[in-house]
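I sat down with this one to look up a few things and jot them here. Rings come before strands in these notes.

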Amino acid sequence: METFLIVDDEKNILKMLSQGLKMRGYQALTAASGEEALQQVMKTDVDLVLLDIRMENGMDGVQTLVKLRERYPELNVVMMSAQQDIEIATKTMELGAKRYITKPIGIDKILSSVQPFLEISRLAQENEILKSQIIAIDEMVGESAAISHLRSQIDRVAGSGLGVLISGENGTGKQLVANAIHQKSERATKTFIPLNCAALPDELIESELFGHERGAFTGADSRRQGRFELADGGTLFLDEIGDMSLKAQAKVLRVIETGEVERLGGNQIRTVDVRIIAATNKNLPEEIDNGHFRRDLFYRLNVVPITVPPLRERAEDIPLLVQHFAEHLQLNMGSTPKAIDPGAYAVFQSYNWPGNIRELKNIVERLLIMVNRDVVMAPDVAEALSLIPQLSASSQLADDALDLGALQSLPSVALYKPGTALSQMMDTAEAQCILAALEEFNWNIRRTAEALEVERSNLYKKMNKYGISRPDSDG
């Protein structure tokens, strides 16, 4: 429902226009002066302002227009006047007014005049929502018993509207599961808004969740809706919620219990209807015992628990996944299609895949780019996999630095390449260790830097040196 703000110092005009707009299904606010209009816009989201030019109390319409455009440059403002004055009309259009209309004017004519601007605002809002939706395009591929059971769980819980907590290792496809639940629910026509809690520092996550008002903190140059508001009527997916600060956890719990959101720096309570699906790669009961996660929030989230199996427990699905990724990647790259030799699948299936589906997708992409033949053979896959240090999903990088014994346990092919300089091998090993640590901590820079015992600035420099960047999220 669009919101109009009518600004006029004549009470009869305010009453007539507001009643007419409300009868046609719009929300109408009123202000009797420019100063009051600025206060209204500061407190409430307004889609369009109908602003009278000649007002006796305080600022006139032109002065008010200038102030509104300074503070809210995207706001739609339509000027109203009882007189036709081309000079004033031209001036207000130069100052940013969308249109100049002459009173008296009927509601229907006003709506027909402003409808294009309302439509542009709607499209801009939808575009903002779409940009904030990082929904993976990949499907849940596989025919194993594990994936069949997972699909069955999704079908049962989707229509219930209950909260879901998805557990699983990094890269298993937790976001795909959350999106599938949303698409099969009654909220499918509404938005699916994801937020990776591990990818944001503590000082930003509250702004992302709850939004902020202009001036709420340094850098808050404009009002912004939070993920809860964007997901109103739909689903909010909180990925890696185990990394959320206790302070933010308390606020999320309050929203779950009350359905009310308050932006940072604001004092207006907004009601939202949001289904929350959360995901984690941590053992939350252990996090509770260690004082890192709220027990009451866990019980709110864990109404229906779902566990996504690691790839090593569904190895029979690997050939289908390889084919799926190869088809999609080659379509997107526009490259000459390559076939996968049947013998190559056994090599894929022999690997432990500590990075799960995300790692498999990356390897398939590397093979499609680097192999110069029309067919990817078993030796190609073996060579690609030999470049990856065999660090298990329970890597001890967070606790202990790699020692000589750990290095000696790696396959020799990962340590030594005939004809390669020692410095190059050391760079390769360092890059692989950094990449493994980033995957282990879900690309959380702070935790990775702490685990590797380096400054964050130094870690960024090394990532830039080796061309390491976060891949597209697969869940």
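**Aromatic pairs**

I counted rings to begin with: the structure holds 6 aromatic pairs. I keep in mind that this is a predicted model.

I looked up Phe192 and Phe237. Their ring centres are 6.1 Å apart and the planes sit at 20°; stacking needs planes under 30 degrees apart, so I log the pair as stacked. Phe192 belongs to strand β7 and Phe237 to strand β8, so this pair ties together parts that are 45 residues apart in sequence.

Are these two rings buried or exposed? Phe192 has 1% relative accessibility and counts as buried. Phe237 comes out at 0%, also buried.

Next I checked Phe298 and Tyr299. This aromatic pair is tilted, with 5.7 Å centre to centre and 55° between the planes. Phe298 is buried at 12% relative accessible area, whereas Tyr299 is exposed at 53%.

I also noted a cluster: ring pairs link Phe348, Tyr351 and Trp353.

**Helix α14**

Phe348 led me to helix α14, residues 342–350, where it is one of the buried residues. The others on my list are Ala344, Tyr345 and Val347. Where do they point, seen down the axis of α14? They fall within an arc of 160°, so I put them down as lining one face of the helix. On the face turned away from that buried side I found the exposed residues Pro342 and Ser350.

I looked at the N-terminal end of α14 too. Asp341 caps it, with a side-chain oxygen 2.9 Å from the backbone nitrogen of Gly343.

**The sheet**

Back to the strands that hold Phe192 and Phe237. I traced an open sheet of 5 strands, in the order β7-β8-β11-β6-β12, and the pairing is parallel. Which strands stand at the edges? They are β7 (192–196) and β12 (304–307); each has a single partner strand, so one side of each is left without a neighbour in the sheet. From one strand to the next, the twist averages 20°.

I picked one pairing to follow. β8 (residues 235–239) runs parallel to β11 (residues 275–280), and the two pair over 4 bridges. Leu236 stands opposite Ile276 of β11.

Last entry: what packs on the sheet? I found helix α6 (residues 145–158) there, touching β6 (164–167), β11 and β12. The direction of α6 makes about 160° with that of β12.

Definitions and conventions
Residues numbered from 1 in each chain as written. Predicted model: local features only at pLDDT ≥ 70, side-chain atom pairs only at ≥ 80, totals over all residues. Heavy atoms only, no water. Pairing = 2+ DSSP bridges. Axes fitted to C-alpha atoms, helices over the stretch in contact; angles between N-to-C directions. Contact = heavy atoms within 4.5 Å. Phe/Tyr/Trp six-rings, centres within 6.5 Å; stacked < 30°, edge-to-face > 60°. Buried < 20%, exposed > 50% of the residue type's maximum accessible area, 1.4 Å probe, protein only. Arc of directions from axis to C-beta. Polar contact = N/O pair within 3.5 Å; in protein donor to acceptor, adjacent residues only side chain to side chain.
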